[in-house]
Amino acid sequence: MVVKEEFKVKSASGHTVILQNLTTGISYLDFGMTHLPRDFQGYRVKYTDRIAQPQSDGTFKLSDSDGIYSRI
């Protein structure tokens, strides 16, 4: 997994997280820094194993939350 892009997102309640767009490749993430599969491609919350799903309107929904996050 290689970090292609990194950016902040914010929920309506003001909670801010950093998302990383991961693509194929080898980096430090492949060696014990995450428990996601090595072939994972998508968005993850930095410093965690939580993932974010992009929505059709450009916002993101976290895997363990009902909140919608938008780019800052």
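In strand β4, I51 stands opposite R44, where strands are DSSP runs (E, at least two residues) numbered from the N terminus. The structure is a predicted model, in which local features need pLDDT of at least 70 and side-chain atom pairs count only at pLDDT 80 or more, whereas totals for chains, interfaces and linings use all residues. Residues are numbered from 1 along each chain as its sequence is written, and side-chain values use heavy atoms, with hydrogens and water left out. The two strands concerned, β3 and β4 (residues 51-54), run antiparallel and are joined by 2 bridges, two strands being counted as paired if DSSP finds at least two bridges between them. Between β3 and β4, which form a hairpin, there are 5 residues. In this turn Y47 has a positive phi of about 70°, and Y47 is a residue other than glycine. Y47 is exposed, with a relative accessible area of 71%; here exposed means over 50% relative accessible area, buried means under 20%, and partly exposed lies in between, computed with a 1.4 Å probe on protein chains only.

The pairing continues on either side of this hairpin. Strands β4 and β5 pair in the antiparallel sense over 3 bridges, and in that pairing the partner of A52 is L62 in β5. These two strands likewise form a hairpin with 5 residues between them, and in its turn G58 has a positive phi of about 90°. On the other side, β2 and β3 run antiparallel and are joined by 4 bridges, with V45 in β3 as the bridge partner of L19. Taken as a whole, the strands make a closed barrel of 6, in the order β1-β2-β3-β4-β5-β6, with antiparallel pairing. Neighbouring strands of this sheet are turned by 40° against each other on average, direction ignored, where the axes are lines fitted to C-alpha atoms and angles in general run from 0 to 180 degrees between N-to-C directions.

Several residues of these strands also belong to the largest nonpolar core, which has 10 residues in all: F7, V9, V17, L19, Y43, V45, A52, F60, L62 and Y69. A nonpolar core is a set of buried Ala, Val, Leu, Ile, Met, Phe, Trp, Tyr and Cys residues joined through side-chain atoms within 4.5 Å. Two or more residues of this core come from each of the elements β1 (2-11), β2 (16-23), β3 (42-45) and β5 (60-62). In soluble globular proteins, nonpolar side chains tend to be buried together. Within the core, V9 touches H15, T16, V17, L19, F60, Y69, S70, R71 and I72 when residues up to four places away in sequence are not counted, contact being defined by heavy atoms within 4.5 Å.

A search of the whole structure finds 3 aromatic pairs, for which rings of Phe, Tyr and Trp (its six-membered ring) must have centres within 6.5 Å, planes under 30 degrees apart counting as stacked, over 60 as edge-to-face and the rest as tilted. F7 and Y43 form an edge-to-face pair, with 6.0 Å from centre to centre and 75° between the planes. Because F7 lies in strand β1 and Y43 in strand β3, this pair ties together parts that are 36 residues apart in sequence. F7 and F60 form a tilted pair, 5.6 Å centre to centre with 45° between the planes, and this pair links distant parts of the chain, F7 in strand β1 and F60 in strand β5, 53 residues apart. F7 and Y43 are both buried, as is F60, and the three residues F7, Y43 and F60 form one aromatic cluster. In addition, R71 lies over the face of F7, at 3.6 Å from the ring centre; a charge sits over a ring if NZ of Lys or CZ of Arg is within 6 Å of the ring centre and within 35 degrees of the ring normal.

Two further residues, N21 and T24, differ in their accessibility, N21 counting as buried at 11% relative accessibility and T24 as exposed at 53%. N21 is found in strand β2, and, leaving aside neighbours within four places in sequence, N21 is in contact with V2, V3, K4, E5, G42 and Y43. T24, by contrast, is placed in the loop between β2 and β3, and, with neighbours within four places set aside, T24 is in contact with V2 and Q41. T24 and G42 are 18 residues apart in sequence, and their C-alpha atoms are 9.7 Å apart in space.
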